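Please look through the structure below with an eye to how its descriptive terms are earned. Each answer should set a value beside the definition that applies to it.

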Amino acid sequence: MPKAAETILEIDLNALGHNYRYLTSKLERNTKVLAVVKAFGYGSDASAIAEELVDLGAAYLAVAYANEGVSLRDTEIEIPILVLHPLPANFNIILNRCLEPSIYSRTMLKKFIAFAEKNKQKLYPIHLKFNTGLNRLGFRKEDIPFIVETLSKTQSVKVQSILSHLAASEDENERNFTLQQINSFRNISEKLIEKLGYRPLLHTVNTSGIINYPEAQFDMVRTGIGLYGFGNDPEENKNLKPVSTLKTVISQIHKIEAGETVGYNMGFKAEKPVRTATLPIGHADGISRAFGNGKGWVTINGQKAPIVGNVCMDMIMVDVTNIECIDGDEVVVFGENPSVEELSGAINTIPYELLTAVSQRVKRIVYRK
Ligand SMILES: *Cc1c(COP(=O)(O)O)cnc(C)c1O
């Protein structure tokens, strides 16, 4: 790779392949993979990631919202795409672009069937989502008779899969809760299958579920964060490779005298002479303001340069007093060092948030080693 000359997000497709193979090594031969590419592929590049995942053998893709599925169809992704959180306002584009809705309530079921009938659909694939403890989206067990009754009156839709979502699959302390969720999912699915008279695909585990509850892989697993290189556990992270590396460059170096301040609102006041570097990346690019005043840091020529003062919209200043560097030198914001786990820990958040924060202003560079 040439050195970064501006702010870029490098996306390593080899790392994606490595992660895919690692995660699928935990699966039975026939278990399908649903790869989650919502939120621009966890802040990377959904289309590039999706194309690679199709080549790697993913059976399904999932997005959160319908317009994310439209972008994938626009780049000629042809495999089934599950929309995890469709809204009635988007039924039209869901149908037009052959996206498959996750149906999670009685209202949604009625509305989608009415819509499918109006549009003369036959056996349009839908997915039934059950709430087994997360209490976010999903039918309850008590809804089964209603679902069966409603479905028995129409030929317009067909249940392609039954799913649920685990609340704490990464947390060993909540093992009992998770086992109860899995059990409840199994019971609900069995009841529903008996009444439907056919067997849709069953799926409930996410990345941490694949790792911690391989016995609950059913017919398919849904993996997001693991594909991008994070296992929600320091040991698992060693087996995975980060796909995204955020880099930038030094725009200008300043010598600050004792008594001078740096940045908005005098966020930093020099007690002794320091040298700072100004970088073309700010909170509008995904560097949370919480990283200001030394909470966050970048790596320049292998050394740690803490953020000085407040994070601006388009820039940050970092302390390079003890680092040999000049204008134009490459800066690593996150990747191997600092890692996304380390940095997210520094402001009490999680890799999911840091990764998805990288804004669309940042140029994506997709590569293969
Ligand atoms: C985002 C999401 C996933 C992926 O979870 P990871 O922890 O990133 O593997 C799976 N299922 C649902 C319903 C989701 O919303």
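What follows is a short set of questions and answers on a sheet, a helix and one residue. The model is predicted, so that local features need pLDDT of at least 70 and side-chain atom pairs count only at pLDDT 80 or more, while totals for chains, interfaces and linings use all residues. Residues are numbered from 1 along each chain as its sequence is written, and side-chain values use heavy atoms, with hydrogens and water left out.

Q: Why is I211 called buried?
A: Buried means under 20% relative accessible area, exposed over 50%, and partly exposed in between, with a 1.4 Å probe and protein chains only. I211 has a relative accessible area of 15%, and is therefore buried.

Q: Which residues is I211 in contact with, leaving aside its neighbours within four places in sequence?
A: Contact means heavy atoms within 4.5 Å, and on that basis I211 is in contact with G231 and E236.

Q: What makes β14 and β17 a pair?
A: Two strands pair if DSSP finds at least two bridges between them; strand β14 (residues 274-279) and strand β17 (residues 316-319) have four bridges, in the antiparallel sense. Within this pairing, A277 stands opposite V318 in β17.

Q: Why is one side of β11 and of β19 left without a neighbour in the sheet?
A: The open sheet has nine strands in the order β11-β14-β17-β16-β15-β18-β10-β1-β19, with mixed pairing. Because β11 (252-256) and β19 (363-367) stand at the edges, each has a single partner strand.

Terms used
Helices (H or I, at least four residues) and strands (E, at least two) are DSSP runs, numbered from the N terminus.
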